[in-house]
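Me: I'd like to go through this one by asking how each label is earned. Could you take the terms and hold them up against the values?

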Amino acid sequence: MSFSAADHTFMAAALRLAERGLYTTTPNPRVGCIIVRDETTVGEGWHERAGAAHAEAHALKAAGAAARGATAYVSLEPCSHHGRTPPCVDALVAAGIRRVVAAMTDPNPQVAGSGLERLRASGIAVDVGLMETEARELNIGFVSRMTRGTPWLRLKVAASLDGKTALNNGTSQWITGPDARRDTHRWRARCCAVLTGIGTVRDDDPQLTVRAVETPRQPLRVVVDSRLDISPTARIVGDGHLLIAAAQADAAKAGALRALGAEIVVLPNTAGKVDLPELLRELARRGINEVHAEAGFKLNGSLLREGGVDELLIYQAPVLLGDRARGMFDLPELTDLSGRRELVVTDRRAVGNDMRIVARLK
């Protein structure tokens with residue numbers, strides 16, 4: 001399919017609208033829609049939050065009668081099933097839309113092309129694949145959950161220039177500067193869950209909430225704590241919205257934590273630790289699309305070894321901490337470079353006085 005320059009312009013606008021739901025739509029995808037007639041936008045909308053009207057409904061309402069004979073540009077295939085809201089396919093047909101341009105097919109098995117087929121069966125011209133890469137990136141967590149049954153896990157690391165994340169005594173606050181720390185909050189805000197380990201809770205007593213940017217919701221906090229050693233007075237416990245993954249059930253400890261609003265899941269592996277792959281599957285079952293991990297080098301290494309990491313978000317400060325400081329990942333020693341883990345750097349930029357690197361595992 002060959003798309004025109006106007007098609008690209010309007011789809012880019014639909015994607016910009018979809019980005020407005022970056023912090024709010026979970027567990028739903030971020031979707032934008034533009035209604036165009038005679039190369040003029042007559043209606044636009046985006047999905048704001050789960051349970052609210054979809055992007056197409058907002059755009060059609062804004063367009064009114066002008067939608068008849070128009071083209072709808074949508075960043076994701078219109079839904080064809082009844083959820084909390086009626087199918088968008090039916091609304092597009094009823095409005096008299098002539099053509100639908102979708103950036104990508106919906107990976108949700110409940111849709112998965114059926115919406116596009118229903119549009120075609122109703123006589124609407126349908127074109128798919130315009131700016132698909134950009135659309136997929138915007139909903140990379142949703143795509144992961146629908147196709148793999150696990151969230152997209154982004155592992156954040158703040159390190160020195162020599163790759164150290166904490167002193168040998170556990171001190172790590174602060175290696176990077178205030179600009180990098182503020183930037184981290186934007187990544188937290190877009191995720192559905194923030195994941196950490198008991199070591200980080202014990203050493204740093206973090207809140208792991210979004211504070212530096214405005215957001216109408218807070219992500220779920222998840223702590224990997226095999227023996228339920230977390231203190232009931234830890235700041236992460238205080239305001240609820242906390243899931244603790246343990247490897248063994250201790251009735252007294254669990255009861256005290258539940259009384260404070262924490263939820264506990266027991267997911268042991270054969271080594272008596274938390275089964276991390278099963279934890280990620282459990283988070284997917286709860287509608288978690290993106291996980292933002294901020295942990296210590298031990299849990300970082302475990303997540304890498306067990307195949308849980310999709311993307312690295314590394315802030316590197318222009319400081320040196322020395323050989324005895326803690327590294328980024330607790331990984332086994334290599335004796336041959338053929339065992340190295342290769343990455344693809346997707347973004348590199350300065351954030352304040354620090355360097356931010358985004359990279360994906362090959």
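Reply: Gladly! An open sheet of 5 strands runs in the order β2-β1-β3-β4-β5, and its pairing is mixed. This is a predicted model, in which local features need pLDDT of at least 70 and side-chain atom pairs pLDDT 80 or more, while totals for chains, interfaces and linings use all residues. Residues are numbered from 1 along each chain as its sequence is written, and side-chain values use heavy atoms, with hydrogens and water left out.

Me: What makes β2 and β5 stand at the edges?

Reply: Each of them has a single partner strand, so one side of β2 and of β5 (125-128) lacks a neighbour in the sheet. On average, neighbouring strands here are turned by 15° against each other, direction ignored. Such angles come from axes fitted to C-alpha atoms and run from 0 to 180 degrees between N-to-C directions, for helices over the stretch in contact.

Me: How do you know that β1 and β2 pair?

Reply: Two strands pair if DSSP finds at least two bridges between them. Strands β1 (residues 32-37) and β2 (residues 40-46) are joined by 6 bridges and run antiparallel, so they pass that test. Cysteine 33, for one, faces glycine 45 in β2. The two strands form a hairpin with 2 residues between them, and aspartate 38 in the turn has a positive phi of about 55°.

Me: What makes β1 and β3 partners?

Reply: Strand β3 (residues 71-74) pairs with β1 over 4 bridges, in the antiparallel sense. Valine 36 stands opposite threonine 71 there. Helix α2 (residues 55-63) packs on the sheet, touching β1, β2 and β3, and its direction makes about 140° with that of β2. Contact means heavy atoms within 4.5 Å.

Me: Why does aspartate 225 have no salt bridge?

Reply: A salt bridge needs a side-chain nitrogen of Lys or Arg within 4 Å of a carboxyl oxygen of Asp or Glu. For aspartate 225, the nearest side chain of opposite charge is arginine 202, 6.4 Å away, so the cut-off is not met. Aspartate 225 is nevertheless buried, meaning under 20% relative accessible area with a 1.4 Å probe, protein chains only (exposed is over 50%, partly exposed in between).

Me: What makes the link between aspartate 225 and aspartate 229 a polar contact?

Reply: A polar contact is a pair of N or O atoms within 3.5 Å, one able to donate a hydrogen and the other to accept it; residues adjacent in sequence count only if both atoms are side-chain atoms. The backbone nitrogen of aspartate 229 lies 2.8 Å from a polar side-chain atom of aspartate 225, so the distance fits.

Note on methods:
Lys, Arg positive; Asp, Glu negative; His and termini not counted.
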